Amino acid sequence: MKTVFSLLLCFCSLCMTAQKYGFSSSTDEFTGESIIVSDWQKLSVGFGGNTYNSYLMLCRIDSSYFLNLKVMTMEVAAVEEGARFMIKMEDGEVVTFVNPQYVLSDRGDGAINFGGSSAMGVHIVLPCESSQITALGAQKIEKCRLEARGKYYELAPGNKAARNLQEYFLYASQLL
């Protein structure tokens, strides 16, 4: 009886965590590919100056992993092919993703939902490895840097967002 109760408790906990991050799975009816995506997660919130609203989301299509990144740049920006998105962990380790294609900012590209839909931003889809997702779940994110043409954008999650992202990546590394 205790074993059944323990298994039920673990299953309910897993389901609640999946709901918290909005992970959903489906199969593409044309290609038959298995797709798992999550809801957008807040990376940083900006209130002007050198702070920017940014969000990320993980996606798996069959055996390929992608990190979707949205940054509200508030200005025209270009992220060149080969530009890096770097995430610095609290122990100093840096997890690096490489942009596979040229991206130019557009109105609403850095926004999710209606908020900021008229502001300039970029939406970048970065290929990633499962080992990078695991590394991001191992400890809190200290800050991030997105390289753009002629400048870079520093993104720093607050303490609560950093804890939430660590939990998100930890759960994603087990799910994906």
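The paragraphs below walk through the overall make-up of this predicted model, its salt bridges, one hairpin, one buried polar residue and a nonpolar surface patch. Because the model is predicted, local features are reported at pLDDT of at least 70 and side-chain atom pairs at pLDDT 80 or more, while totals for chains, interfaces and linings use all residues. Residues are numbered from 1 along each chain as its sequence is written, and side-chain values use heavy atoms, with hydrogens and water left out.

The chain has 3 helices and 13 strands; these are DSSP runs numbered from the N terminus, with helices being H or I over at least four residues and strands E over at least two. Of its 176 residues, 41% are buried, where buried means under 20% relative accessible area, exposed means over 50%, and partly exposed lies in between (1.4 Å probe, protein chains only). Contacts are counted when heavy atoms lie within 4.5 Å. Among contacts between residues at least 6 apart in sequence, 59% join residues at least 24 apart. The accessible surface comes to about 9900 Å², and carbon and sulfur atoms hold 54% of that area; areas come from the Shrake-Rupley method with a 1.4 Å probe, and for residues only the protein chains shown count as cover.

Salt bridges come next. A salt bridge here is a side-chain nitrogen of Lys or Arg within 4 Å of a carboxyl oxygen of Asp or Glu, and the whole structure holds 5 of them. One of these joins E75 and K151, with N to O at 2.7 Å. E75 sits in the loop between β5 (64-71) and β6 (78-79) and K151 in strand β13 (residues 151-155), so this pair ties together parts that are 76 residues apart in sequence. Both partners are partly exposed, E75 at a relative accessible area of 30% and K151 at 33%.

Strands β7 and β12 supply two further pairs. In one, E147 meets R84 with the closest N and O atoms 2.6 Å apart; E147 belongs to strand β12 (residues 141-148) and R84 to strand β7 (residues 84-89), 63 residues apart. R84 is partly exposed at 37% relative accessibility. In the other, the side chains of E142 and K88 meet at 3.8 Å, N to O. E142 lies in strand β12 and K88 in strand β7, so the pair ties together parts that are 54 residues apart in sequence. E142 is partly exposed at 36%, as is K88 at 31%.

Turning to the hairpin, strand β1 (residues 24-27) pairs with strand β2 (residues 34-37) in the antiparallel sense over 4 bridges; pairing requires that DSSP finds at least two bridges between the strands. Within this hairpin, S26 has I35 of β2 as its bridge partner. The strands have 6 residues between them, and G32 takes a positive phi near 80 degrees.

N68, in strand β5, is a buried residue with a relative accessible area of 8%. Its side chain makes a polar contact of 3.3 Å with that of H123; such a contact is a pair of N or O atoms within 3.5 Å, where within protein one must be able to donate a hydrogen and the other to accept it, and residues adjacent in sequence count only if both atoms are side-chain atoms. Beyond its neighbours within four places in sequence, N68 is in contact with residues including W40, Y55, M57 and I124.

Finally, V76, Y102 and L104 make a nonpolar surface patch of about 330 Å². Patches consist of residues with over 30% relative accessible area and no salt bridge, like charges being joined within 9 Å and nonpolar side chains (Val, Leu, Ile, Met, Phe, Trp, Tyr) within 5 Å. L104 is found in strand β9 (residues 103-104) and is partly exposed, at 48%.
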